[in-house]
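Q: Please take a close look at one part of this model. I would like to know how the sheet is built, what packs on it, and how the side chains around it are tied together.

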Amino acid sequence: MKIVVIAVGKTTTDYIARGIDEFLRRANRYVGVELLVIPDVRPSKAQSEESQKQQEGRSILAALQPGDIVTLLDERGKEMGSREFSAMIERRMVQGIKRLVFVIGGPYGFSKEVYDRADDKLSLSRMTFTHEMVRLFFMEQVYRAMTIMRGEPYHHD
């Protein structure tokens, strides 16, 4: 199985980018993990929030493959602890899924079409974080999930 994280927009904050790269490197020791960056749509007076979500949505949908299991990182998604997240990934591995895709949207969220394509929604917290920080937190959780599966001492209850 491969884990694909689709994120809208580049990570421009250097220390966050370094952290993302570090956890991506660590996670790749256990399972193939790819961060796919979709160019963000620059807001303008002529472009509405809805139009921006539609454009980003088309790019997200174009990056998906048939058979992908798609989970949106969404404030209205299910919250779970690190062990639950690890168990969810492990269940997907056992099911023989080729690509498990997690999507981090743009500043206005997802288009209706992306919501319609999604299999699930996951919330990292009820708090609001920048999209760059969500990438870092999520990549750390993917790495943590792998160490939990292997019984390694990284995670402490």
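A: What follows starts with the sheet and then moves to the helices and the side-chain pairs.

The model is predicted. Its sheet is open and has five strands, paired in parallel. The strand order is E2-E1-E4-E3-E5. Strand E2 (32-38) and strand E5 (120-123) stand at the edges. Each has a single partner strand, so one side of each lacks a neighbour in the sheet. On average, neighbouring strands are turned by 30° against each other, direction ignored.

Consider the E5 edge. Strand E3, residues 69-79, runs parallel to E5, and five bridges join the two. Glu-79 stands opposite Ser-123 in E5.

Two helices meet the sheet. Helix H2 (residues 49-63) packs on it and touches strand E1 (2-8), E2 and strand E4 (99-104). The direction of H2 makes about 165° with that of E1. Helix H3 (residues 82-94) lies across E1, E3, E4 and E5. H3 runs at about 140° to E4.

Now a single residue within the sheet. Thr-71 lies in strand E3. Is Thr-71 buried or exposed? Thr-71 has 3% relative accessibility, so it counts as buried, the limit being under 20%. Setting aside neighbours within four places in sequence, Thr-71 is in contact with Val-101, Phe-102 and Val-103, and also with Asp-120, Lys-121 and Leu-122. Lys-10 is 61 residues from Thr-71 in sequence, and their C-alpha atoms are 20 Å apart.

Next comes the segment after H5. His-155 lies in this segment, which follows helix H5 (131-149). His-155 has a relative accessible area of 15%, so it is buried. The side chains of His-155 and Arg-144 are joined by a polar contact of 3.0 Å. Not counting residues up to four places away in sequence, His-155 touches Ser-82, Arg-83, Arg-144, Thr-147 and Ile-148.

Arg-83 also has a charged partner. The salt bridge between Arg-83 and Asp-157 has its closest N and O atoms 2.7 Å apart. Arg-83 lies in helix H3 and Asp-157 in the segment after H5, so this pair ties together parts 74 residues apart in sequence. Which of the two is exposed? Asp-157 is exposed, with a relative accessible area of 75%. Arg-83 is partly exposed, at 43%.

The structure holds twelve salt bridges. Some sit within a helix. Arg-18 and Asp-14 meet in one, at 2.1 Å from N to O. Both belong to helix H1 (residues 14-27); they are four residues apart, so about one helical turn separates them. Asp-14 is exposed, with a relative accessible area of 52%.

Helix H4 (residues 112-117) holds another pair, Asp-116 and Lys-112. They are four residues apart, about one turn of the helix. Their salt bridge has its closest N and O atoms 2.7 Å apart. Asp-116 is exposed, with a relative accessible area of 54%. Lys-112 is exposed as well, at 54%. Elsewhere, salt bridges that share partners join Glu-22, Arg-25 and Arg-26 into one network.

Technical notes: Residues numbered from 1 in each chain as written. Predicted model: local features only at pLDDT ≥ 70, side-chain atom pairs only at ≥ 80, totals over all residues. Heavy atoms only, no water. Buried < 20%, exposed > 50% of the residue type's maximum accessible area, 1.4 Å probe, protein only. Polar contact = N/O pair within 3.5 Å; in protein donor to acceptor, adjacent residues only side chain to side chain. Contact = heavy atoms within 4.5 Å. Pairing = 2+ DSSP bridges. Axes fitted to C-alpha atoms, helices over the stretch in contact; angles between N-to-C directions. Salt bridge = Lys/Arg side-chain N within 4 Å of Asp/Glu carboxyl O.
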